Amino acid sequence: MTADRISSLAKRAEDIKSPKFGVIAEVRKCIEGLTDVINLGYGEPDFPTPMHIREAAKKAIDEGFTHYVLPPEGLPELRSAIAGKVSRKNGFDVDPSTEVLVTAGVQEAINHTMLSILEPGDEVIIADPYYYSHALAVIFSGGIPIYTELKENRDFRADPEDIEKKVTSKTKAILLIDPNCPTGSLLTMEDLNAVAQIATRHGLFVVTDEIYEDLVYDGAKHYSIASFPGMKERTISTFGFSKSYAMTGWRVGYVVGSKDLMRVLKEVHAQLTICTNSISQKAALTALTGSQECVEEMRRSYESRRNLLAAGLNKLGIVCNPPKGSFYLYTDVSRFNLSSTEFAKLLARDAKVLGYPGTAYSLSKSSDRYVRFSLTTSEEKLKEALERISSVTAELS
Ligand code: PLP
């Protein structure tokens, strides 16, 4: 009798969960059954999707715009709006008919990009701490993530020198998440220039995740590396609606890149997904073409929350430089002489405040100093969180 084969599944799928997420599960276990927990763990905007965007979706449904979107790369009006935005805001030009693809979020965009560019064994340089799904996208595509450590003495900005040291004959791409998750760092023009030179010198792709492009603070500016001289041809840039417009559940984002590359990427996307949700595309069109005041209002709120939480935590010995971008604080808790997991568990259990250990996002030992808090909670709740945390840290001092 042949062995029953239904009990074994694909190993790559069985292994899909980051072993690092075990530490998040450990922390979350501490809040099981507790009520009134202040959740500073999730990276999910607490704002509702703005009303005019929701209205556009309702209208799309009422008008029966509920079938496949053809061509599969996205609504022509949306691709034109994207090209306009990329030219205005990101500083480079793309042809809406050949160089834009609408995807189910940045996550899918990065997945399909990796499937389109990697051969087995190709290496992709990724900053650590890192966004796990992107490393997984590399692995599922047969590639190998190679990590470059983000260090506090550079405000967690990727170090071009270190990136270059990691380049081998197998390197295919450098992946940049900018502004960064989970550290909140923002690359400067000089950093990006240096990365552009490295990519050019070694003939590499640069793949970007610019999902937090609108969430920058202190008047800082986000730059897109594709706008640097000679970089458009070798850059695959991804952008999203999830964070800027509080549209995480709508699953919509986009990729832009040079025509030859996009020809393949569009085909991969069409074969694997067919097209992005029709209703979400109408909503995204309204998001891009309507007033941008809602984006600025949310940005201002995150900035004000950042100031409040960073100042409050620093006073308690939970140390951070207020980050220039995204909506996370990556804080140093080493003075309490506990591992990051132990510290996060203590906060969860005794303060009912949830933050995630740095080790959840990193392979490096130094990550055990850090805990990530997200800013997706009202100021009132953040004040309360600070008060509760202070009673825990007072016991430790
Ligand atoms: N990229 C980063 C860095 C993220 O933090 C997230 C979500 O938290 C995503 C991508 C997911 O983006 P999307 O909702 O557009 O798929």
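1. Which side chain has an N or O atom 2.6 Å from a nitrogen atom of the ligand? In this model, which is predicted, the side chain in question belongs to Asp209. Two further contacts involve oxygen atoms of the ligand: a polar side-chain atom of Ser242 lies 2.6 Å from an oxygen atom of the ligand, and an N or O atom in the side chain of Arg251 is 2.7 Å from an oxygen atom of the ligand. Taken on its own, the ligand has 400 Å² of accessible area, and the protein covers 92% of it.

2. The surroundings of the ligand can be described residue by residue. There are 13 residues around the ligand, and the closest of them are Val106, Asp209, Ser242, Lys243 and Arg251, so that Asp209, Ser242 and Arg251 from the previous point appear again here. Sorted by class, this shell has 6 nonpolar, 4 polar and 3 charged residues. The element that gives the most to the shell is helix H5, which covers residues 105-117 and supplies 3 residues.

3. It is worth asking next where the ligand sits with respect to the open spaces of the protein. The space that the ligand takes is the largest pocket, and about 760 Å³ of space lies in this pocket. Its lining consists of 32 residues, and those closest to the centre of the pocket are Gly43, Gln107, Tyr131, Ser133 and Lys243. Lys243 is thus named among the residues closest to the pocket centre and also among those closest to the ligand.

4. Three elements give two or more residues to the lining of the largest pocket, namely helix H2 (21-29), H5 and helix H6 (132-140). Which element gives the most to this lining? That element is H6, with 4 residues, whereas in the shell around the ligand the element that gives the most is H5. By class, the lining of the largest pocket divides into 17 nonpolar, 8 polar and 7 charged residues.

5. Apart from this pocket, the structure holds 5 cavities of 30 Å³ or more, and the largest cavity has a volume of about 100 Å³. Of the 16 residues that line the largest cavity, the closest to its centre are Ala127, Leu150, Ala158, Leu176 and Ile177. Strand E3 (123-128) and strand E5 (171-177) each supply at least two residues of this lining, and E5 gives the most, with 4 residues. The lining of the largest cavity is made up of 12 nonpolar residues, 3 polar residues and 1 charged residue.

6. The backbone has two places that a reader should look at with care, and both involve a proline. A cis peptide bond joins Asp128 and Pro129, with omega at about 10 degrees, and Pro129 is found in the loop between E3 and H6. This loop therefore stands between a strand that supplies residues to the lining of the largest cavity and, on the other side, the helix that gives the most to the lining of the largest pocket. The peptide bond from Cys181 to Pro182 is also cis, with omega near 15 degrees, and Pro182 has its place in the loop between E5 and helix H8 (189-202).

7. One last backbone detail concerns Ala246, where phi is near 50 degrees, a positive value in a residue other than glycine. Ala246 lies in the loop between strand E7 (235-240) and strand E8 (253-256).

Technical notes: Residues numbered from 1 in each chain as written. Predicted model: local features only at pLDDT ≥ 70, side-chain atom pairs only at ≥ 80, totals over all residues. Heavy atoms only, no water. 1 Å grid on protein atoms, 1.4 Å probe; cavity = no way out; pocket = protein on both sides within 12 Å on 5 of 7 lines; lining within 4 Å. Points joined across faces, edges and corners; volume = space filled by probe spheres on them. Nonpolar A, V, L, I, M, F, W, Y, C, P; charged D, E, K, R; others polar. Near = heavy atom within 4 Å. Polar contact = N/O pair within 3.5 Å; in protein donor to acceptor, adjacent residues only side chain to side chain. Areas by Shrake-Rupley, 256 points an atom, 1.4 Å probe, with all protein chains shown as cover. Sits in = over half its atoms within 2 Å of the grid points.
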